[in-house]
Amino acid sequence: MKVELQNLTKIFPSRNKKSGEEVVAVNNFTFTIPDGKLVGLLGPSGCGKSTTLYMISGLQQPTSGKILFGDEDVTDLSPEHRGIGLVFQNYALYPHMTVKQNILFPLQNLRGADKLAKDEMLKRAHEAAKLVQIDELMDRKPSELSGGQQQRVAIARALVKMPRVLLLDEPLSNLDARLRLQTREEIRRIQKETGITTVFVTHDQEEAMSISDMIVVMKLGVVQQVGKPQEIYDSPTNLFVAKFLGTPPINVFAGRVESEKLYIGDDAVLDVKGAPDGNVTVGIRPEGFIIDEKGALSCNISNVEVMGRDVSVVSTHSASLNPTIRSIIDADEKPAADATVAKFALKPHKVFLFNAETEERIYFEV
Ligand code: ATP
């Protein structure tokens, strides 16, 4: 099921009558979620991702704009009639019911033409449980399950009604690191197996990058960039997006362009054909540094962290806008143990320039 968001806007009235300031939680969001794809809504706290999800679900009504499921305008439909499955961060299972009863619950509430025979309900509940691999645990109560298992029950409960669209709001936040990893792989597998169009809200860029077909990066209610995870990582449209994606994060320097050369401090570190003269903010991905005796960017080494195949060189530079610079270097190329200075050449496609004021990307020929 294709989901279309057309100029979706949500404005919350001011809570404080005196200040009168309303909150524009989502601002003119237009986007088509392709049929059968998993889209990650990504951004820092308060950027409007949950509000977007709630508008798709029908739990919140947009101030303006439209939502279409396929060709059907669902903007004014109540959540029950949209055919959605919702999973929240806190799984909110009914504690007094068994796993089976929890999964059956949404089916037992169907009325009228949607009402199902008991056999059919049980069959569907078992299918959903099997899909999320909890079919062995059907008679347990939620308190007898791990966090990951509880979240699977919540997903099974959302899937049992065979939703047209699956909506997941930070579904992994309450799980520990190992379970998060495992459960996110599970979600991806289930999504692929069922082919249900899915929207996944998270503030964790790694999580969004690893499971999404497409990512929408949001800031203060405004969409910053939409694309495949790798495309956004490789070509961020502004400094905010460049900083938000990637671990370790991108390194940021104050720089300037003069006659198509990029200067960091007094050193010309890269040819930037086509870039106009002026002050710029420079982003360099950690993997964009090459240890090179003739390298023009000279940094003071504070530490070399061994990571196995690679090392992480932690260094400083007076033009760096972060306290430290982190570069990922192949262990075979690592600086000498007693080195205090690292000289770096740069990989041009890992260097991004941004307007120092607007923070928009400035492109140059690589
Ligand atoms: P988080 O990750 O913290 O949940 P989010 O990106 O999901 O954040 P939203 O919950 O969508 O953000 O909130 C977006 C903005 O709208 C925030 O500034 C928030 O304070 C505001 N907001 C959300 N719900 C309401 C509400 N019911 N009334 C007033 N303002 C609201």
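The largest pocket has a volume of about 830 Å³, and it makes a good place to start a walk through this predicted model. Its lining counts 24 residues, and those nearest the centre of the pocket are E80, I84, P106, R157 and K161. Which elements give two or more residues to this lining? They are β6, α2 and α4. Of these, β6 provides the largest share, with four residues.

From the open pocket we can turn to enclosed space. Rolling a probe the size of a water molecule over the atoms shows where empty space is left. Here the structure holds one cavity of 30 Å³ or more, and the volume of the largest cavity is about 60 Å³. Around the largest cavity stand I155, L159, L166, L168, I187, I190, Q191, T194, I196 and T198. Two or more lining residues come from each of α4, β7 (165-169) and α5 (177-194). The largest share belongs to α5, which gives four residues. Helix α4 is thus worth a second look, since the lining of the largest pocket also takes two or more residues from α4.

Just before α4 in the chain, we meet a proline. P142 is found in the loop between α3 (118-131) and α4 (147-159). Is P142 buried or exposed? Its relative accessible area is 7%, so P142 is buried. Leaving aside residues up to four places away in sequence, P142 touches L93, Y94, P95, M97, N102 and Q150. V223, by contrast, is 81 residues from P142 in sequence, and the two C-alpha atoms are 38 Å apart in space.

Next, let us look at the aromatic rings. A pair of aromatic rings is described by the distance of the centres and the angle of the planes. The structure holds five aromatic pairs. One of them joins Y54 and F88: their ring centres are 6.2 Å apart and the planes meet at 55°, so the pair is tilted. This pair links distant parts of the chain, as Y54 belongs to helix α1 (residues 49-57) and F88 to the loop between β6 (84-87) and α2 (99-108), 34 residues apart. F88 has a relative accessibility of 27%, so it counts as partly exposed.

Another pair brings F289 and F344 together. Their ring centres are 4.9 Å apart and their planes stand at 65°, so this pair is edge-to-face. Because F289 lies in strand β15 (residues 289-291) and F344 in strand β19 (residues 341-346), the pair ties together parts that are 55 residues apart in sequence. Both rings belong to buried residues: F289 has a relative accessibility of 3%, and F344 has 1%. A ring can also meet a charge, and the charged end of R285 sits over the ring of Y233, 3.9 Å from its centre.

Our last stop is a sheet. Six strands form an open sheet in the order β13-β12-β11-β14-β20-β21, with antiparallel pairing. Which strands are at the edges? They are β13 (267-271) and β21 (361-362), each of which pairs on one side only. Further in, strand β11 (residues 251-258) and strand β14 (residues 278-284) run antiparallel and are joined by seven bridges. If you would like a point to find by eye, look for N251, which stands opposite I284 in β14.

Definitions and conventions. Residues are numbered from 1 along each chain as its sequence is written. This is a predicted model: local features need pLDDT of at least 70, side-chain atom pairs count only at pLDDT 80 or more; totals for chains, interfaces and linings use all residues. Side-chain values use heavy atoms; hydrogens and water are left out. Rings of Phe, Tyr and Trp (its six-membered ring) pair if their centres lie within 6.5 Å; planes under 30 degrees apart count as stacked, over 60 as edge-to-face and the rest as tilted. Buried means under 20% relative accessible area, exposed over 50%, partly exposed in between (1.4 Å probe, protein chains only). A charge sits over a ring if NZ of Lys or CZ of Arg is within 6 Å of the ring centre and within 35 degrees of the ring normal. Contact means heavy atoms within 4.5 Å. Two strands pair if DSSP finds at least two bridges between them. On a 1 Å grid over the protein atoms alone, a cavity is a set of points where a 1.4 Å probe fits but cannot get out, and a pocket is an open set with protein on both sides within 12 Å along at least five of seven lines; lining residues have an atom within 4 Å of a point. Grid points are joined across faces, edges and corners, and a volume is the space filled by probe spheres set on the points.
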